[in-house]
Amino acid sequence: MLIAGFPAGAWGTNCYLVAPAAGEECVIIDPGHQASPGVEEALKKHRLKPVAVVLTHGHIDHVASVVPVCGAHDVPAWIHPDDRYMMSDPEKALGRSVGMPLMGELTVGEPDDVRELGDGTVLELAGLELSVAHAPGHTKGSVTFRMPETADVPPVLFSGDLLFAGSIGRTDLPGGDMAEMLDSLARVCLPLDDSTVVLSGHGSQTTIGRERATNPYLRQVAADRPERGAAGAPRRGM
């Protein structure tokens, strides 16, 4: 398994390229602000061919490079329907008036091919299996992508802005809701095995076990809902 990640743009949003191995097809997760050069560098370095872009949610710091990346490689973008409008109307998603400057000139809009995700969808792309969980709270259409354990890597959760190392995503923007966030943490994260590697939208890599022990929000929902425990085991983001 190959996972190449890098923080992109003014918000330091993590973009990931995932493939079975170097020299094969890949999926691109969350190509955000100024991510295109990093994407092209990683594709060249690892000799990868993208087949799709998949998005954890619709905030501009996660989708700003979707149009150029999809256009350059003629691939579709997958997003939850509740967040699809954000690609064309990022100001509304951030509670700004239309026409207000947003980090200078950004390419907004939809790529030519947009496909919608649903809770429980299993995407089979580039020889990978990505299980989708709807996880509202940061936005109405937030999702996570989970990959099963393989011979060379433990299970992986691409958590978007649901769960960070030591924190969670903010809930004070349009579509955010703390009650939904806590429910998503309990429903999506708590049942996972402690060995699950968490690759989030911002910040460093962590594990479910580490967050279960130290993250105050995950500790809160674990205490409130002990039945959600795993089998055998300051908020950020735009």
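This text follows two helices of a predicted model, α1 and α3, and the elements that their buried sides meet. Local features are described where pLDDT is at least 70 and side-chain atom pairs count only at pLDDT 80 or more, while totals for chains, interfaces and linings use all residues. Residues are numbered from 1 along each chain as its sequence is written, and side-chain values use heavy atoms, with hydrogens and water left out.

Helices (H or I, at least four residues) and strands (E, at least two) are DSSP runs, numbered from the N terminus. In helix α1, which spans residues 36-46, the buried residues (under 20% relative accessible area with a 1.4 Å probe, protein chains only) are Gly38, Val39, Ala42, Leu43 and His46. These residues lie on the same side of α1 because they cover an arc of only 135° around the axis, the arc being that of the directions from the helix axis to the C-beta atoms. An α-helix has 3.6 residues a turn, so residues three or four places apart point the same way.

The face of α1 turned away from that buried side carries Pro37, Glu41, Lys44 and Lys45, which are exposed (over 50% relative accessible area). The buried residues of α1 pack against β1 (2-8), β2 (13-19), β3 (25-29), β4 (49-54) and α3 (66-73), where contact means heavy atoms within 4.5 Å. Just after α1, Arg47 takes a positive phi of about 55°.

In α3, the buried residues are Val66, Val69 and Cys70, and their arc of only 95° around the axis puts them on the same side of α3. Gly71 and Ala72 are exposed on the face turned away from this buried side, whereas the buried residues of α3 pack against β3, α1, β4, α2 (60-63) and β5 (77-79). Just after α3, Asp74 takes a positive phi of about 50°.
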